[in-house]
Amino acid sequence: ATPKDGLTAEVVVVKSLDGIATRSPDDVTGKIVFYDEPFASEHVNTFRGYGASVQKRIYGASRAAKLGAVAVLIRSIGTGDDDHPHTGSLRYTEDAPQIPAAALGAHSADKLAQILEKNPKAKLFLKMNCQTLPDVLSYNVIGEIKGSENPDDIIAVGGHLDAWDTGHGAHDDGAGIMHSIVALQSLQTLGYQPKNTLRAVMFINEENGLRGGKKYAELAVENKEKHVIAIESDAGGFTPRAFRFKGADSSLAKMQDWMQYFPDNTIDAIRAGGGGPDIGPLNKADGTPVAAIIPDAQRYFDFHHSPADVFSAVNKRELELGTASLASFIYLIDQEGL
Ligand SMILES: [Zn+2]
């Protein structure tokens, strides 16, 4: 947060962390640093673009503070042509004061850039009253359908319950939660009796430290649970395009034969290199094979971590195609094994 009455300072514009690295304390002391870098749109996979753009949000405040900056602004890391600033995690390092940091929506960032171009000495007033409250106890929520042949063998599918509170968290990750619950519900409605136990896991606190995923892995090891696979949906409720899988090559080859079962314009590939933040700890702890559903990614960062991520941003049909694809994938794993 800023001081109670806000702060006013001149603004230094840099593009990225590389940009701030070339600045000296003389340039920056007492000023607000504005990281004005567009989303890395050269990547067809927008998650790569996000990865390439997000470092300044995570480390930009401390890098600037080290040079004497009093606050940091970033151009929101998103693809939306709107004025919804996105939020996300930030890491303060030990070697610099914890200065306030905020994101500007694309339109506001354009406006600020224009003002500073005309008048580099322009001053900006910034007032923020955010705070970090102490942790409280919370829970993963789990539901399961017991396996009829191998009740101790678990096929888990999940997403995360928590969201950044600027929006509803509809795509991130309400969609993943609905994918997981409704995939199992669909199989149940069809009267399907699974061989293995099918488990839907709604992880808590993915966004701020993976606490739910870590606890889940810890308890799985402690209770000697045996997972056939853990599948994650945490990439939005858009039209499903692919699965990713991390496990034995023979399992991947087997899954690639299943492509014939998925209709055109839905899943068209199962690629190596799967998993997700919430199931990563389980994979690490006991080697459980992991997979992820990969929806179309072109619009995800129009909504991600922003006030635009609301229920109306999710298309019902696209969401249902994801659910159906997951249900089919789970069915095939349950029937054919890995
Ligand atoms: Zn998420």
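Start by colouring the two domains: residues 7-126 make up domain 1, and residues 141-336 make up domain 2. Keep in mind that you're looking at a predicted model. Put a marker at the C-alpha centre of domain 1 and another at that of domain 2, and the distance between the two comes to 34 Å. Now show the contacts across the boundary: 16 residues on the domain 1 side touch 13 residues on the domain 2 side.

Zoom out to the whole protein chain and switch to cartoon. There are 11 helices and 12 strands to find. Turn the view along the principal axes, and the C-alpha atoms fill a box of roughly 70 × 45 × 35 Å. How does the radius of gyration of the protein chain agree with that of a compact globule? For 338 residues a compact globule would come out near 20 Å, and the protein chain has 22 Å, which agrees.

Switch on a surface next. About 16800 Å² of the protein chain is exposed, with carbon and sulfur atoms supplying 51% of that area. Colour by burial instead, and 50% of the 338 residues count as buried. If you draw contacts as lines, leaving out pairs fewer than 6 apart in sequence, 79% of what remains joins residues at least 24 apart.

Now select the zinc ion and its surroundings. Which protein donors does the zinc ion have? They are His160 through NE2, Asp172 through an OD atom, and Asp234, which is listed with OD twice. These donors lie 1.9 to 2.6 Å from the zinc ion. Check the angles among the four donor atoms: they run from 53 to 149°, and the site is irregular. To count as tetrahedral, four donors would need all angles between 85 and 135 degrees, so a range of this kind falls outside. Along the chain, the donors of the zinc ion follow the spacing H-x11-D-x61-D.

Stay here and trace the backbone from two of the donors. Histidine 160 sits in strand 7 (residues 150-160), while aspartate 234 is in the loop between strand 9 (226-232) and strand 10 (240-246), so this pair ties together parts 74 residues apart in sequence. Histidine 160 and aspartate 234 are both buried.

Next stop, glycine 213. You'll find glycine 213 in helix 7 (residues 211-222). Is glycine 213 buried or exposed? Its relative accessibility is 1%, so glycine 213 counts as buried. Show what surrounds it: beyond neighbours within four places in sequence, glycine 213 is in contact with Phe203, Ile204, Asp278 and Pro281. For a sense of scale, draw a line from the C-alpha of glycine 213 to that of threonine 166, 47 residues apart along the chain, and read off 23 Å.

Move to serine 16. This residue lies in the loop between strand 1 (7-14) and helix 1 (17-21). Serine 16 has 13% relative accessibility and counts as buried. With neighbours within four places in sequence set aside, the contacts of serine 16 are Tyr35 and Glu37.

Finish on aspartate 257, in the loop between helix 8 (249-256) and strand 11 (269-272). Here the surface view is the one to use: aspartate 257 is exposed, with a relative accessible area of 54%. Add alanine 269 to the selection, 12 residues from aspartate 257 along the chain, and the two C-alpha atoms are 9.9 Å apart.

Notes:
Residues are numbered from 1 along each chain as its sequence is written. This is a predicted model: local features need pLDDT of at least 70, side-chain atom pairs count only at pLDDT 80 or more; totals for chains, interfaces and linings use all residues. Side-chain values use heavy atoms; hydrogens and water are left out. Donors are N, O and S atoms within 2.8 Å of the metal (3.2 Å for Na, K and Ca); water is not among the atoms, so sites may look incomplete. Four donors count as tetrahedral if all angles lie between 85 and 135 degrees; four count as square planar and six as octahedral if opposite donors are over 155 degrees apart and all others between 65 and 115; anything else is irregular. Helices (H or I, at least four residues) and strands (E, at least two) are DSSP runs, numbered from the N terminus. Buried means under 20% relative accessible area, exposed over 50%, partly exposed in between (1.4 Å probe, protein chains only). The radius of gyration is taken over C-alpha atoms; the globule rule is 2.2 Å times the number of residues to the power 0.38. Contact means heavy atoms within 4.5 Å. Accessible areas come from the Shrake-Rupley method with a 1.4 Å probe; for residues, only the protein chains shown count as cover. Domain bounds come from an automatic or database domain assignment.
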